[in-house]
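Work through the following exercises with the sequence and the model at hand. Each task is followed by a solution in steps.

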Amino acid sequence: MLQKKSISGTLFLWLGLVLVLSGCYTKQNADEAQEPQETTSPPSGPQVRGPVSTTQNSTPSLVNVDVYLEISNGMKGFMPASVAGKEATAFQSRLNKLISEVQDGRYVDQKAFYLAKEDAKGKPVLDSVSYSTMKSYIVSGIQDDVRGTPLPDMLRAALQQSIDHGSVSVIISDFIHGPSDQGQFLSLDSDIRSALREAERQGLVVAVLGDVSAFHGTYHPAVKKPEVRRTLKGEQIPFYTWVIGKQPEVQVVINKVFRDLPKQQAYFGFEYNAIPYSALLKTGSFKPAGIVYCSSRNADPCTAVNLQPQAKEPVEFTVGLDLSALPASLQRMDFLKQHLKVLGNGCRASLANLTLADEGIKATPELSGYTHFVRVRVPQLTANTGSVYIQLPHVYPAWIKSWSTENDNNPIAEPGRTYQLTKIMDGVQALYRDQSDNIFNVTVQFNKAD
């Protein structure tokens, strides 16, 4: 009995130490670049809170989609009445393509269309309409006199309805908050989080796409001084598309239903716990340097290596990654070069190079399963065993701050800004405060070669 208690107590203390170490992290901003560094304890890997994880194999072939279009007076300028010879706004072009893909595309099973507005009592109303009716609003304009629904109320109502339907929510709005109680501006971030709390509880993710469009008509700013409203004649005003649902289903909407994503993208809650990867140690396109070989001769994929860097010959080897399941913006080379990290536990390790699969690589059978190739450099070991980590941290997109303003009263003088956008996004980010540091974490174990 005494021996069992001693073992149990030691195990308990060891587990407690691991939890303390893994809980210490700071999320990285999109405009911050960190230098690779040696670690003395394993960096925090994915720590899933609820059903957030996914792999490529779990991606569905068909999804259900609910589309919500705000039709308040403030949205009228994006959808001016069509006139012969007059070009459609960017908003009209994008939305027409989107709802057409939802209606007739091969990736959507059940679909529903809703017009979001406010009733006489100030409550959000989601009117179920046909595809043709929504299309008519987009191409012919909004004729109704409709007040805008307070942003948190609209999000809460749309999200709950889509959860009940088992659908992905696609919500299109300028996201200009117009509460009857001006004090609600002070609590906008917490109100947004409260409105979307079911997303956290249901293990859902949020994607936000930002775009701009010419605006023709009456603009209703959130800040009412010195002008309550302004008449615009084609100035560029932001609008946003929010996609909320289970991660595999949101990925189908983002990667398949949307045909032309805007550059401004933000992803909240996305995590990948099973990125396919392998150390590529055979001669060929990615010939290793120095003393390095797979720990198991027949391993495929190779996830553990034996290595021994020399004073004048550091070890370099390539790890193939399949990032095809990630949203397109997270696969971009410029994004990865800025944010991808290589860390070592028991060694010094750094990122030597990053390569995107080209047509020649895709035609090579042993390489065709990977989209990106990370060249790892190990100049020194500090232990006989350890790990090399390849990580992509969660980053807060820099565009959000540049698109945000504390005074949207004059969009002619300060175009392309949305009132308190950072506060809105802070509310979304707060949903995932317990999430791991990393979108993904790949581990290659090593042993010191004899």
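Of the 450 residues of the chain, 50% count as buried, where buried means under 20% relative accessible area, exposed over 50%, and partly exposed in between (1.4 Å probe, protein chains only). The model is predicted, with local features needing pLDDT of at least 70 and side-chain atom pairs pLDDT 80 or more, while totals for chains, interfaces and linings use all residues. Residues are numbered from 1 along each chain as its sequence is written, and side-chain values use heavy atoms, without hydrogens and water.

**Exercise 1. Describe the chain as a whole.**

Step 1. Count the secondary structure elements: the chain has 12 helices and 21 strands. These are DSSP runs, helices being H or I with at least four residues and strands E with at least two, numbered from the N terminus.

Step 2. Take the contacts (heavy atoms within 4.5 Å). Among contacts in the chain with a separation of 6 or more, 79% are between residues 24 or more positions apart.

Step 3. Compute the accessible surface by the Shrake-Rupley method with a 1.4 Å probe. The chain comes to about 21300 Å², and carbon and sulfur atoms hold 49% of that.

**Exercise 2. Derive the strand order of the sheet that contains β4, and name its edges.**

Step 1. Strands pair if DSSP finds at least two bridges between them. Strand β3 (residues 63-70) runs parallel to strand β4 (residues 108-118), with 7 bridges; Y68 has Y114 in β4 as its bridge partner.

Step 2. On to β5 (residues 124-129): 6 bridges join this strand to β4, and the two run antiparallel. K117 is opposite V125 in this pairing. The two strands form a hairpin with 5 residues between them, and G122 in the turn has a positive phi of about 80°.

Step 3. Further along, β6 (residues 168-173) and β8 (residues 230-245) are antiparallel over 5 bridges, with I172 opposite T241 in β8.

Step 4. The result is an open sheet of 7 strands with mixed pairing, in the order β5-β4-β3-β6-β8-β7-β9. β5 and β9 (264-268) each have a single partner strand, so one side of each has no neighbour in the sheet and both stand at the edges. Ignoring direction, neighbouring strands are turned by 25° against each other on average.

**Exercise 3. Which strands does helix α2 lie across, and which does α12?**

Step 1. Fit axes to the C-alpha atoms, for helices over the stretch in contact; angles run from 0 to 180 degrees between N-to-C directions.

Step 2. Helix α2 (residues 90-104) lies across β3, β4, β6, β7 (205-219) and β8, at about 140° to β4.

Step 3. Helix α12 (residues 421-429) lies across β7, β8 and β9, at about 5° to β8.

**Exercise 4. Locate the buried side of helix α3.**

Step 1. Within α3 (residues 131-140), Y131, M134, Y137 and I138 are buried. They cover an arc of only 130° around the axis, so they are on the same side of α3; the arc is taken from the directions from the helix axis to the C-beta atoms.

Step 2. The cover over these buried residues includes β3, α2, β4 and β5.

Step 3. G141 follows the helix, with a positive phi near 100°.

**Exercise 5. Classify two of the aromatic pairs.**

Step 1. Rings of Phe, Tyr and Trp (its six-membered ring) pair if their centres lie within 6.5 Å; planes under 30 degrees apart count as stacked, over 60 as edge-to-face, and the rest as tilted. The whole structure holds 14 such pairs.

Step 2. F78 and F215 have ring centres 5.1 Å apart and planes at 85°, so this pair is edge-to-face. F78 is in the loop between β3 and α2 and F215 in strand β7, so the pair ties together parts 137 residues apart in sequence. Both residues are buried.

Step 3. Y267 and F270 are also edge-to-face, at 5.1 Å centre to centre with 80° between the planes. Y267 is buried at 13% relative accessible area, and F270 is buried at 2%.

Step 4. Follow the ring pairs further: F78, F91, F215, Y219 and F239 are linked into a cluster.

**Exercise 6. Find the pairing partners of β13 and state its burial.**

Step 1. In β13 (residues 315-321), 6 of the 7 residues are buried.

Step 2. β10 (residues 277-280) joins β13 through 4 bridges and runs antiparallel to it. The bridge partner of A279 is V319.

Step 3. β16 (residues 372-381) also pairs with β13 in the antiparallel sense, over 7 bridges. Here V319 is opposite V374.
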